[in-house]
Amino acid sequence: MGNCMDKAGAVENNTTYQSKVGSKSSSSSNPFTTKTGSTRSSWTVPSYKESRELPTPRTEGEILSSPNLKAFSFGELKAASKNFRSDSLLGEGGFGYVFKGWIDEQTLAPSKPGSGLVVAIKKLKPEGFQGHKEWLTEVDYLGQLHHQNLVKLIGYCLDGDNRLLVYEYMPKGSLENHLFRLEQKPSILIGGADPLPWGIRLKVAIGAAKGLSFLHDAENQVIYRDFKASNILLDSDFNAKLSDFGLAKAGPTGDRTHVSTQVMGTRGYAAPEYVATGRLSVKADVYSYGVVLLELLTGRRALDKSKPASEQNLVDWARPYLRDKRRLYRIMDSKLGGQYPKKGAHAVASIALQCIGNDAKARPAMSEVLEKLDQLQDPKYNVAAPQADTKRTSSSGSVPKSPMKAQPSPRRPSGSASPLPAAAGSPLPACRTAQVH
């Protein structure tokens, strides 16, 4: 669930933070998520029928008695994951570990490895960042909200100090893994480590937008509050689903425009007005969505300390190029090899620019963003540009030449240097001390 202590710790390349109001928090890095259905012998995995009803507030007893979730025993989950053995480990973060497990599709009882329903089991570290409050928040929201672009929570386990969550299994892992970790951890990317092509990136962007739009348009509005690449999980067909609802917050009611809360979230993705004031609205999610669009366009992290100071913050670095169609190619992900539709890329850049606007009120609603992205599936936006020469870019980090021009532009001196500093590798994102809930 995606926050961390005010000392700004980095977990799985995701730096999260919370204000000094001391509460246990967690950093969420979901390399793989699992989906599972839960209840006793008569329990069946729920369908994807949308459910927007979210009666609030609820007591812990009411949350844990949800008819949509199965209460697993610790012993059942030990059996389902082969006793949490290392060969079942899918990933780890500040919250704890994620293990692969198997359960019977009808009874949800543990089954033999390789048979039954594959699930992901998140096991929290007792001493980790993940607090009981956030664990309960995730059970609360995912136990009630159902949508094809939200990860499905099958059940949970609360046994002494043991807190676990059981999800549907997402075989393609997180968007973060595909964008940034291809060379670091290729073994955990099922289906190969090829860079995501443009069409898949657009598909992921649309799926994630559907998930956010569903939350924002619900009768009882939900603010996700931790939208980032590591919380976007991908199924076998690269359908995107939002995971990790530990920081989710009920939206304002009546004529209120925001809710005031402790500032928590992930650096680089959190909206500036929220970080500065603690005033939270759905437009903070829109800002975070815009940052992820930039990651999809550029292949760069929201924050990357390994880069020169002027390039460490993706929003600040990319913003000038989003306004200029003639210069956009300079920040496009070199791993695309120039194989992207010029018109479609310009349109996505325009949407991203609106989402990351400093004036929260002027940012579009997610329903508007979704409508614009859906239009980009029209064939007229999908004519790929000629392949660019990106070989030098990957090694030297210099800005690529335009894929549309073989000769220097008459508008610029032929020998002028690129305004972009050289790009280095991309390890951990940068951190800065700030209050965020």
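UniProt positions are given here in the numbering of this model, with feature names shortened, and such annotations may be inferred rather than shown by experiment. The model is predicted, so that local features need pLDDT of at least 70 and side-chain atom pairs count only at pLDDT 80 or more, while totals for chains, interfaces and linings use all residues. Residues are numbered from 1 along each chain as its sequence is written, and side-chain values use heavy atoms, leaving out hydrogens and water.

**View A. Surroundings of Lys-123, annotated as "binding site" in an unreviewed UniProt entry.** Lys-123 lies in strand 6 (residues 117-124), where strands (E, at least two residues) and helices (H or I, at least four) are DSSP runs numbered from the N terminus. Leaving aside residues up to four places away in sequence, Lys-123 touches (heavy atoms within 4.5 Å) Phe-74, Phe-84, Phe-95, Gly-96, Tyr-97, Phe-99, Arg-163 and Leu-164.

**View B. An open sheet of six strands with mixed pairing.** The strand order is 3-7-8-6-5-4, two strands being paired if DSSP finds at least two bridges between them. Strand 3 (70-71) and strand 4 (89-93) are at the edges with a single partner strand each, so one side of each has no neighbour in the sheet. Strand 3 runs parallel to strand 7 (residues 153-159), to which two bridges join it; Lys-70 has Gly-155 of strand 7 as its bridge partner.

**View C. Packing of helix 7 (residues 282-298) with helix 8 (residues 314-322).** The axes, lines fitted to C-alpha atoms over the stretch in contact, with angles from 0 to 180 degrees between N-to-C directions, are 11 Å apart at an angle of about 75 degrees. The two helices are therefore roughly perpendicular, a class spanning 65 to 115 degrees.

Note on methods: Angles under 35 degrees count as roughly parallel, over 145 as roughly antiparallel, 65 to 115 as roughly perpendicular and the rest as oblique.
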